[in-house]
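Reader: Please take one part of this fold and look at it closely for me. I am in my first year, so keep the steps short.

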Amino acid sequence: MTENEQAKGTAGYLFEAGMLKRAKRSGWWIAGVKDPETIGEHSFRAGVVGAVLAMMEGADPAKVALLCLFHDTQETRVGDIPHIGRRYVTAADNERVTADQVSAAHPAVVTGVRAIVEEYENGESLEVVVAHDADKLECLIQAVEYREQGYQNVQPWIDSSLARLKTESARQLAEAALTMTSLEWQKVYLG
């Protein structure tokens, strides 16, 4: 493969990743949320949450943020299948989807992106545990925001997210988030 072909393959992957800015997280439709956040919006905040959790847990914040950034990139190809839908649909595993997504990219990109996804899916390091907690904590925080907006059917998302948290820091942040409004942060500045 020529350098030009590798550059085009890599640029193509970047265009594909841009689809995540438009693709909605479809599980929220079950809760009645008419215009849910996108996969890209979820991944961004999961990365921020992950970095913060990593700082609190003594893990590598950059590594956790990177794991979070790539954790749902496969959804450009297989969509955001809600948990209830997974009973009826068999999708390729994320490692296989990622391999296809980057197959025409620069060799370093192929190796790097595949390694990130492989680690997120199969690793057991503190960084992986924290990244998975970040994904669940971001979902819980989003559910709290949707509940404030009047969507009453989000409690199952809160409950399942809370139950799946592994680290003490994630549990503490979840409990704090459940006792606050989403605008409470302003009180620090507005007196």
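Author: Start with a cut-off. A residue is buried when its relative accessible area is under 20%, exposed when it is over 50%, and partly exposed in between. Keep in mind that this is a predicted model. Now test the cut-off on a serine. Ser26 sits in the loop that joins helix H1 (3-18) to helix H2 (27-30). Its relative accessibility is 12%, so Ser26 counts as buried. Which residues does Ser26 contact, beyond its neighbours within four places in sequence? They are Asp80 and Pro82.

Try a second serine. Ser125 belongs to the loop between H7 and H8. Here the relative accessible area is 27%, so Ser125 is partly exposed. Measure out from it in two ways. Along the sequence, Ser125 and Ala59 are 66 residues apart. In space, their C-alpha atoms are 9.2 Å apart.

Now for the part to look at closely: helix H8, residues 126-148. We begin with its partner H9, residues 155-164. Two packed helices are described by the angle between their axes and the distance between the axes. The axes of H8 and H9 come within 9 Å. They cross at roughly 155°. An angle over 145 degrees counts as roughly antiparallel, so H8 is roughly antiparallel to H9. The crossing of H8 past H9 is left-handed.

Who makes this contact? On the H8 side, the residues are Asp133, Lys136, Cys139, Leu140, Ala143, Val144 and Arg147. On the H9 side, they are Gln155, Trp157, Ile158, Ser161, Leu162 and Arg164. Sort these residues by type. There are 7 nonpolar, 2 polar and 4 charged.

Stop at Ser161, a third serine. Ser161 is part of helix H9. Is it buried or exposed? At 2% relative accessibility, Ser161 counts as buried. Set aside residues up to four places away in sequence. Then Ser161 touches Lys136, Cys139 and Leu140. Each of these three is listed on the H8 side of the contact. Take Cys139. It is 22 residues from Ser161 in sequence, yet the two C-alpha atoms lie 6.8 Å apart.

Next, a second partner. H4 and H8 have axes that come within 9 Å and cross at roughly 50°. Angles from 65 to 115 degrees are roughly perpendicular, and those under 35 are roughly parallel; 50° fits neither range, so H4 and H8 are oblique to each other. H4 passes H8 in a right-handed crossing.

H4 brings Lys63, Val64, Leu67 and Cys68 to this contact. H8 brings Glu127, Val128, Val130, Ala131 and Ala134. By type, the residues divide into 7 nonpolar, no polar and 2 charged.

Zoom in on Val64 of helix H4. Its relative accessibility is 0%, so Val64 counts as buried. What does Val64 touch, leaving aside neighbours within four places in sequence? The answer is Gly50, Ala51, Ala54, Ala59, Glu127, Val130 and Ala131. Among them, Glu127, Val130 and Ala131 are on the H8 side of the contact with H4. For scale, look at Lys187. Its C-alpha is 29 Å from that of Val64, and the two residues are 123 apart along the chain.

Now put the pieces together. In soluble globular proteins, nonpolar side chains tend to be buried together. The largest nonpolar core in this model holds 37 residues. Those with the most contacts inside it are Trp28, Leu53, Val64, Leu137, Leu140 and Val154. Helices H3 (39-57), H4 (61-70), H7 (107-122), H8, H9 and H10 (168-178) each supply at least two residues. Which helix gives the most? H8 does, with 10 residues.

End with Trp28, listed above for its contacts in the core. Not counting residues up to four places away in sequence, Trp28 touches Val33, Pro36, Glu37, Cys139, Gln142, Ala143, Tyr146, Val154 and Trp157. Some of these names are familiar. Cys139 and Ala143 of H8, and Trp157 of H9, also take part in the contact between H8 and H9.

Conventions:
Residues numbered from 1 in each chain as written. Predicted model: local features only at pLDDT ≥ 70, side-chain atom pairs only at ≥ 80, totals over all residues. Heavy atoms only, no water. Axes fitted to C-alpha atoms, helices over the stretch in contact; angles between N-to-C directions. Helix = DSSP H or I, 4+ residues; strand = E, 2+ residues; numbered from the N terminus. Left-handed = near helix turned anticlockwise from the far one by under 90°. Contact = heavy atoms within 4.5 Å. Nonpolar A, V, L, I, M, F, W, Y, C, P; charged D, E, K, R; others polar. Buried < 20%, exposed > 50% of the residue type's maximum accessible area, 1.4 Å probe, protein only. Core = buried A, V, L, I, M, F, W, Y, C linked by side-chain atoms within 4.5 Å.
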